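User: Please take a close look at one part of this model, beginning with strand pairing and continuing to the ligand sites. I would like one connected description.

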Amino acid sequence: MIEVKHLTKKFEDKTVLDDVSITFEQGKTNLIIGQSGSGKTVLLKSIVGLHTVDQGEIWYDDRQYNSLNFKQKKEIRKEIGMLFQGAALFDSSTVEENVMLPLDMFTEMSYKEKLSRVNFCLERVNLTEVNSLFPSEISGGMKKRVAIARAIALNPKYLFCDEPNSGLDPQTGIVIDNLIKNITEEFNITTIINTHDMNSVIEIGDKVVFIYEGKKIWEGSNQEIMKTECKELNEFVFATNLAKKLRENP
Amino acid sequence: MKFFEEAGQYFILLTKVFAKPEKYILYYRQTVKEVEKIGLNSFGIVVIISIFVGAVITIQTNYNLENPLLPRYLVGVTVRDSLLLEFSSTMVALILAGKVGSSIASEIGTMRVSEQIDALEIMGVNSASYLILPKIIAAMFFFPILSLLSMFVGIFGGYLTCILTDILLPSDYIYGIQYMFYPHYISYSVTKVVFYAFIIVTISSYQGYYAEGGALEVGRSSTKAVVYSSILVLLANLILTKLILS
Ligand SMILES: Nc1ncnc2c1ncn2[C@@H]1O[C@H](COP(=O)(O)OP(=O)(O)OP(=O)(O)O)[C@@H](O)[C@H]1O
Ligand SMILES: [Mg+2]
């Protein structure tokens, strides 16, 4: 479980997150939705500590993350896996080396053990026979999947995904969504996903939080979202004609 | 004001770089890779430039010393001393600042803007140390070798000129390059190069590490890397020359 309490983040004078409090549940896929520029990425990066926050508390289970020192933070970071908006694979390393790096850094496994763990993770995301390719040689969807494999290599307790299916076709997007959901349930991970994709919300939104101009203005499940009275959320959910038609004839 | 801010940030980065490595074997592996990228890949350019400069200094000096009162072998002495004292250290460092500096800044800058550095940090890796320390070690170890190479090749370039043209007898040239040879010129040069290596790698890494934005900013940071490290190399040359020769 991850809890944020009264989180405020400013860049110079611009308030990007304004008094945000959310509880993210373990074993569930927690979705953060909102328009482009609403502050989703900043929220995610604040939770993992890539941004320092101006006010508020961040709790990883019973540990208050933003009051820890550098060394203690590092211990928590080893329990975190993160998928970045652009995959962020290491360009000069092969797929195999990418997934192996966290194992190299933080385990005492032999090369054989590491290799079998890498192959296990790659198989988990339905990738085989790409071990020796470089990131520039695989497709966008494959990059995302390699990034997921890298994120789960150390069996994380917390998984963060920034727009896991942006730039992908709807089918591949759903494959990736389901993959994340399965991994979350299988390993009982606390997973937080940023998205502005309504497909994902409907497919895997165990818990959905709506951010609007830096404020949390709604939370609930993907069942509840269709019937919401919240005006801004309605505009967001039913932005497309397809969605509007679905609302009229469900 | 901005200058002090940047200088402060630079030294903070250095303290991160020299933190205790997580795993030595990984750093060793990275260092080997960097030796190839930074060192071996610069062989060609150093050889080509040195051979031409050696040849040109020979022709120039020969032209200027065309006086019956001056012994011919002085050409060899001048070529040798120009190479040993300044060209093979400072000029080669400036060339490497252009080649290695820009590639380091754009490599690290790209990693920054494409969130690869964030990805390392999230894993709990000290990204500054993991990315920069191997480059520093590789350069401080390999730049002196490139400098020595440049001395040999430059002198050889002069010799080649003597053979291919008839401006100077090869035997005069050979006599000249041995005449009043002070071995400490070499150690003096090598010492300077070690400092230059540190300057070029850390300044360029700093520019890349704090790049912000996109491809445009990465390009800008690599230009800045070359300009700043060249200026600092020249400044260091002044200070080191003063220190070592006094
Ligand atoms: N490093 C930064 N410095 C200054 N402002 C920033 C910085 N990062 C983000 N912002 C601002 O914070 C706001 C929220 O940005 P953020 O990246 O969180 O949006 P987002 O919800 O993730 O959008 P998208 O869906 O397009 O990814 C934007 O207005 C952006 O300009
Ligand atoms: Mg974003």
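Analyst: Strand E4 (residues 55-60) of chain A pairs with E5(A) in the antiparallel sense over 2 bridges; strands here are DSSP runs of E with at least two residues, and helices are runs of H or I with at least four, both numbered from the N terminus. Pairing requires that DSSP finds at least two bridges between two strands. This is a predicted model, in which local features need pLDDT of at least 70 and side-chain atom pairs pLDDT 80 or more, while totals for chains, interfaces and linings use all residues. Residues are numbered from 1 along each chain as written, chains are lettered from A and ligands numbered from 1 in written order, and side-chain values use heavy atoms, without hydrogens or water.

Within the E4-E5 pairing, Tyr60(A) stands opposite Arg63(A) of E5(A). Both strands belong to an open sheet of 4 strands in chain A, with antiparallel pairing and the order E2-E1-E4-E5. Its edges are E2 and strand E5 (63-64) of chain A, each of which pairs on one side only.

The edge strand E2 leads to ligand 1. A shell of 14 residues surrounds this ligand, the closest being Lys14(A), Ser36(A), Gly37(A), Lys40(A) and Thr41(A); a residue is near if one of its heavy atoms lies within 4 Å. By class, the shell holds 8 polar, 3 nonpolar and 3 charged residues, with Gly counted as polar. H1(A) gives the largest share, 3 residues.

Several polar contacts (N or O atom pairs within 3.5 Å) involve oxygen atoms of ligand 1. A backbone N or O atom of Ser38(A) lies 3.3 Å from one such oxygen, and a polar backbone atom of Gly39(A) is 3.1 Å from an oxygen of the ligand. For Thr41(A), a side-chain N or O atom is 2.6 Å from a ligand oxygen. The protein buries 64% of the 640 Å² that ligand 1 exposes when taken alone, by the Shrake-Rupley method with a 1.4 Å probe. Strand E2 (14-24) and H1 of chain A are the elements that give two or more residues to the shell.

Thr41(A) also serves the magnesium ion (ligand 2), which is coordinated by Thr41(A) through OG1 and Gln85(A) through OE1, at 1.9 to 2.8 Å. The two residues are 44 apart in the chain: Thr41(A) is in helix H1 (residues 40-48), and Gln85(A) in the loop between strand E6 (80-83) and helix H3 (95-106). Donors are N, O and S atoms within 2.8 Å of the metal (3.2 Å for Na, K and Ca), and water is not among the atoms, so the site may look incomplete. Thr41(A) counts as partly exposed because its relative accessibility is 23%, and Gln85(A) because its value is 33%; the class lies between buried (under 20%) and exposed (over 50%), with a 1.4 Å probe and protein chains only.

Conventions:
A polar contact is a pair of N or O atoms within 3.5 Å; within protein, one must be able to donate a hydrogen and the other to accept it, and residues adjacent in sequence count only if both atoms are side-chain atoms.
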